[in-house]
Amino acid sequence: MTKLSRDDVIAIVGTLDDDRIAEIIATGASAAELTEAFTWLSQNGEAGARLGHSLSGTVARLYEILKRDEPPARDES
């Protein structure tokens with residue numbers, strides 16, 4: 001497994017601040033794990049429902065890092 005580089009992180013999730021990129025790299029995650037976490041985030045968890053599993057381990061940690069600055073979901077009821 002190849003360690004993620006700054007360029008890898010940006011290619012997968014787009015522009016982030018340097019601290020967040022460093023935190024992602026420090027997890028030791030693979031590109032596949034970061035892609036999975038980003039997919040969960042961008043689809044509001046629907047990807048997991050389709051795959052039939054929940055987040056765990058490194059993917060869950062990456063999801064939390066990526067989600068940290070997301071605005072809260074609006075209640076449209």
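A salt bridge is a side-chain nitrogen of Lys or Arg within 4 Å of a carboxyl oxygen of Asp or Glu. Keep that in your pocket, as the structure above holds three salt bridges. One thing to know before we go looking for them: this is a predicted model.

Let's start with how far to trust it. Over the chain, the pLDDT averages 82, and 74% of the residues score at least 70. The confidence isn't spread evenly, though. Helix α1 comes out highest, at a mean of 96, while helix α4 (residues 46–51) is lowest, at 58. Keep α4 in mind as the part of the chain where the predictor's confidence is lowest.

Now for the overall layout. The chain has five helices and zero strands, so to read the elements from the N terminus on, you just go α-α-α-α-α. Of the chain's 77 residues, 29% count as buried. Its accessible surface comes to about 5100 Å², and carbon and sulfur atoms account for 49% of that. How do the contacts run along the chain? If you take contacts between residues at least 6 apart in sequence, 55% of them join residues at least 24 apart.

Let's go inside. In soluble globular proteins, nonpolar side chains tend to be buried together. Here, the largest nonpolar core has 17 residues, and the members that touch the most other members are L4, V9, L16, I24, L34 and L66. Four helices each supply at least two residues of this core: α1 (6–13), α2 (18–26), α3 (31–42) and α5 (57–67). Helix α5 gives the largest share, with five residues.

Try picking out V9 in the structure. Leaving aside residues up to four places away in sequence, which ones does V9 touch? Its contacts are L4, G14, L16, I21, I24, I25 and L34. Several of those names should ring a bell: L4, L16, I24 and L34 were also listed among the core members that touch the most others.

Next, have a look at α5. Its buried residues are V59, L62, Y63, I65 and L66. They sit on the same side of α5, because the arc they cover around the axis is only 165°. What lies over these buried residues? The cover includes α1, α2 and α3.

Back to those salt bridges. Side chains of opposite charge can pair when their charged atoms come close. One pair is D18 and R6, whose side chains meet with 3.0 Å from N to O. D18 belongs to helix α2 and R6 to helix α1, so this salt bridge ties together parts that are 12 residues apart in sequence. R6 has a relative accessibility of 42%, so it counts as partly exposed.

The next pair is E23 and R61, with an N to O distance of 2.7 Å. Because E23 lies in helix α2 and R61 in helix α5, the pair ties together parts 38 residues apart in sequence. Are these two buried or partly exposed? E23 is partly exposed, at 24% relative accessibility, and R61 is partly exposed too, at 40%.

E23 has another partner as well: R68 forms a salt bridge with E23, and the closest N and O atoms are 2.9 Å apart. This pair links distant parts of the chain, with R68 in the segment after α5 and E23 in helix α2, 45 residues apart. At 45% relative accessibility, R68 counts as partly exposed. Since salt bridges share partners here, E23, R61 and R68 are joined into one network.

Finally, here are two pairs that show how the chain folds back on itself in space. D8 is in helix α1, and with a relative accessibility of 31% it counts as partly exposed. D8 and L34 are 26 residues apart along the chain, yet their C-alpha atoms are separated by 9.6 Å. S5 is in the segment before α1, and S5 is partly exposed, with a relative accessible area of 30%. From S5 to I25 you travel 20 residues in sequence, but the C-alpha to C-alpha distance in space is 6.9 Å.

Terms used: Residues are numbered from 1 along each chain as its sequence is written. This is a predicted model: local features need pLDDT of at least 70, side-chain atom pairs count only at pLDDT 80 or more; totals for chains, interfaces and linings use all residues. Side-chain values use heavy atoms; hydrogens and water are left out. A nonpolar core is a set of buried Ala, Val, Leu, Ile, Met, Phe, Trp, Tyr and Cys residues joined through side-chain atoms within 4.5 Å. Buried means under 20% relative accessible area, exposed over 50%, partly exposed in between (1.4 Å probe, protein chains only). Contact means heavy atoms within 4.5 Å. pLDDT is the predictor's confidence in each residue, from 0 to 100. Accessible areas come from the Shrake-Rupley method with a 1.4 Å probe; for residues, only the protein chains shown count as cover. The arc is that of the directions from the helix axis to the C-beta atoms.
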